[in-house]
Amino acid sequence: MPLTAIDLYCGSGAVTEGLTAEGVRVVAAVDNDAIACQTYRLNHPEVYLCEDDIRNLDPRTIRQRTNFTGDIDLLVVCAPCQPFSTQNRKRGNNDDDRTTLVLECLKFAREFSPRAIIFENVPGIAILGPLNSLRQSLFELGYILSDPRTLNAADCGVPQRRERCVMIAAKTREGIETFYRAITPQPQVTVRQMIGGLRPLNAAERDPDDPLHFARDHQRIVLQRLAYIPRDGGSRHALPPELELECHRGRTNDFPDVYGRMRWDDVAPTLTTGCTDVTKGRFAHPRDNRAITLREAALLQSFPPHYRFHGNVAQIARQIGNAVPVNMIRTLVPPLRQLLQTQGQ
Ligand SMILES: C[S@@+](CC[C@H](N)C(=O)[O-])C[C@H]1O[C@@H](n2cnc3c(N)ncnc32)[C@H](O)[C@@H]1O
């Protein structure tokens, strides 16, 4: 029998993709973003998707709609990370009602008695999140919540530096220890290995065989700048004075990655929701004079090459930037299986 899971805050479905690839059956998923939900349905039509604000959702609805009886093996909780993210200047703001969304998992834990619960977020949740409250409530339900651990996606077969915080709730300490011990660093995957085989593109060109592999139609000034950035890892420091951005003049240490190129034989930097915009970070292609395409961004998040996305360019970039890398979840499934073995049936 395959393990069963519920994917809370499923977004465009990267977690479900990783679980499914490892043989886990995702019974249900929840998200309230209409665009991401469309993407989810395109790729995971077999899963019952509840498109609703989780705060208004009664978990018994999932039982009724799926006819799922009994307990679930895994509950996956990837609550929004923006309130705890270093990218967010207002982080730690108590008025942000998203800070407590992680606690919504508790009603699902009560209804489905998962054998383990896995939390994924940015490392800032360890300082700014409501972890004491989460720990105490889980304890009352019979779970121990682990301390937060930071994992780098680059150690999980993802061609990207992306630090994420992983916590696990399980019935025994032994299970938690087994889980962390079993996480095995995967061989590094580089930008070249992941996107080097795609069709080279100039600005405004598209690959007729892949609707997501098309290059931005950059402005002339952007192309002039890109022509000066050395291939394979160059930065804006190579720009002649007349092409420097006004706001960067004399400020070499501010935003050093803007207009930078990725390196072929390294991992990519953390992809954000602005990952196809060279003015938002080191998102220029290692060789071509353009930003990376949506397909390249999706591959660097380890989405499989056939993954389909709904929405316009900005909406797709947002879904990709917000995703949990597929291979990061895949790396965690074997340790989760070992944890569940320690707990028996
Ligand atoms: C970090 S993203 C999740 C990424 C996703 N797990 C993946 O693998 O791509 C957080 C998600 O929480 C969803 N979300 C935010 N507030 C929500 C709410 N009140 N109810 C349900 N979903 C919510 C967002 O739409 C977003 O897709």
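Ala, Val, Leu, Ile, Met, Phe, Trp, Tyr, Cys and Pro count here as nonpolar, Asp, Glu, Lys and Arg as charged, and the others, Gly among them, as polar. The model is predicted: local features need pLDDT of at least 70, side-chain atom pairs count only at pLDDT 80 or more, and totals for chains, interfaces and linings use all residues. Residues are numbered from 1 along each chain as its sequence is written, and side-chain values use heavy atoms, without hydrogens and water.

**Exercise 1.** Describe the shell of residues around the ligand.

*Solution.* Take residues with a heavy atom within 4 Å of the ligand. The shell has 19 residues, the closest being Tyr9, Asp31, Asn32, Asp53 and Ile54. Sorted by class, the shell gives 10 nonpolar, 4 polar and 5 charged.

**Exercise 2.** Find backbone contacts of the ligand with Tyr9, Ile54 and Ala14.

*Solution.* Look for pairs of N or O atoms within 3.5 Å. A ligand nitrogen is 2.8 Å from a polar backbone atom of Tyr9. For Ile54, a backbone N or O atom is 2.9 Å from a ligand nitrogen. At Ala14, a polar backbone atom lies 3.5 Å from a ligand oxygen.

**Exercise 3.** Compare the chain's radius of gyration with that of a compact globule.

*Solution.* Use C-alpha atoms and the rule 2.2 Å times the number of residues to the power 0.38. For 345 residues the rule gives near 20 Å; the chain has 21 Å, which agrees.

Technical notes: Polar contact = N/O pair within 3.5 Å; in protein donor to acceptor, adjacent residues only side chain to side chain.
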